[in-house]
Amino acid sequence: MKKNIIIMGPPGAGKGTAAKKLIDLGYVHISTGDMFREAIKKGTALGQLAEQYIKRGDLVPDELTIGIVKERLSQEDCAKGFLLDGFPRTLVQARALEQLTKEINRQIDVVINLDCGEKELVRRITGRRICKQCGAPYHIDSLKPKVEGVCDLCGGPLYQRNDDNEEAFKVRLEHYTKETKPLLDFYQERGLLRNFNSLGSSEVLFDEIAKFLKS
Ligand code: AP5
């Protein structure tokens with residue numbers, strides 16, 4: 001079983017959806033986007049700072065992002081295997097992660113890259129709804145809850161993220177193309193990259209990824 005993994009891909013590729021299913025295989029899910037949204041909800045100093053960047057679709061500065069990942073990775077539960085979702089997103093972050101994993105005597109075993117094409121990304125992002133309580137993702141057309149506006153899993157209310165509009169998506173995609181996509185070469189050179197097409201159903205994708213991780 002591959003132990004420590006990174007899930008990469010443009011906004012809306014399905015990183016969070018796949019990661020939340022992979023938790024069942026025993027991974028600790030570390031999503032920098034979720035961590036920032038939690039800090040914003042709690043109104044912490046980090047949250048207030050991050051919110052300015054996130055609502056415009058910009059990246060939160062490297063030193064802040066690396067700091068929260070460093071703290072989280074050093075916690076004991078990560079020893080059983082972790083799944084990084086949305087980190088690293090820049091070359092500076094990728095190099096910092098190499099240093100961090102070395103310091104805690106761990107290594108990245110595989111980098112899973114998801115993509116489904118720009119047209120589908122826009123459709124997913126603008127139609128996404130998320131549970132305010134447990135974070136489960138839904139979609140207004142392709143992943144509807146049983147009762148409109150209510151989470152199937154915990155009964156929490158569904159909401160739309162304030163960066164899930166076409167304007168912020170454009171900025172997010174630009175950052176992805178300029179700063180994050182080059183990391184695919186970085187991980188390819190290290191022999192760690194594995195590409196998956198995420199256009200199909202999330203169940204089929206999960207089965208494919210799970211089979212690969214267990215191989
Ligand atoms: P983050 O939360 O990481 O957002 P993102 O990378 O833009 O990715 P998303 O969460 O939007 O999409 P996803 O790929 O997880 O798709 P999902 O599974 O939800 O980051 C947000 C912001 O935080 C950034 O813009 C930045 O400002 C900041 N930030 C975070 N990390 C940072 C870092 N390292 N450095 C600097 N700044 C950072 O799916 C999307 C939709 O599609 C859902 O509705 C879902 O139901 C649907 N769907 C998913 N899979 C399928 C499928 N297979 N078939 C049909 N529908 C599907």
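Trainee: How many nonpolar, polar and charged residues does the shell around the ligand have?

Mentor: The shell has 11 nonpolar, 14 polar and nine charged residues. Ala, Val, Leu, Ile, Met, Phe, Trp, Tyr, Cys and Pro count as nonpolar, Asp, Glu, Lys and Arg as charged, and the others, Gly among them, as polar. This is a predicted model, in which local features need pLDDT of at least 70 and side-chain atom pairs pLDDT 80 or more, while totals for chains, interfaces and linings use all residues. Residues are numbered from 1 along each chain as its sequence is written, and side-chain values use heavy atoms, without hydrogens and water.

Trainee: What makes a residue near the ligand?

Mentor: One of its heavy atoms must lie within 4 Å of the molecule. There are 34 residues around the ligand, and Thr-17, Asp-58, Arg-89, Arg-128 and Arg-172 come nearest.

Trainee: Why is the pair between Gly-12 and the ligand called a polar contact?

Mentor: A polar contact is a pair of N or O atoms within 3.5 Å. A backbone N or O atom of Gly-12 lies 3.0 Å from a ligand oxygen, so the pair meets that definition. For Arg-161, a side-chain N or O atom is 3.1 Å from an oxygen atom of the ligand.

Trainee: Which helix gives the most to the shell around the ligand?

Mentor: H2 does, with four residues. Helix H2 spans 32-42; helices here are DSSP runs (H or I, at least four residues) and strands likewise (E, at least two), numbered from the N terminus.

Key: A polar contact is a pair of N or O atoms within 3.5 Å; within protein, one must be able to donate a hydrogen and the other to accept it, and residues adjacent in sequence count only if both atoms are side-chain atoms.
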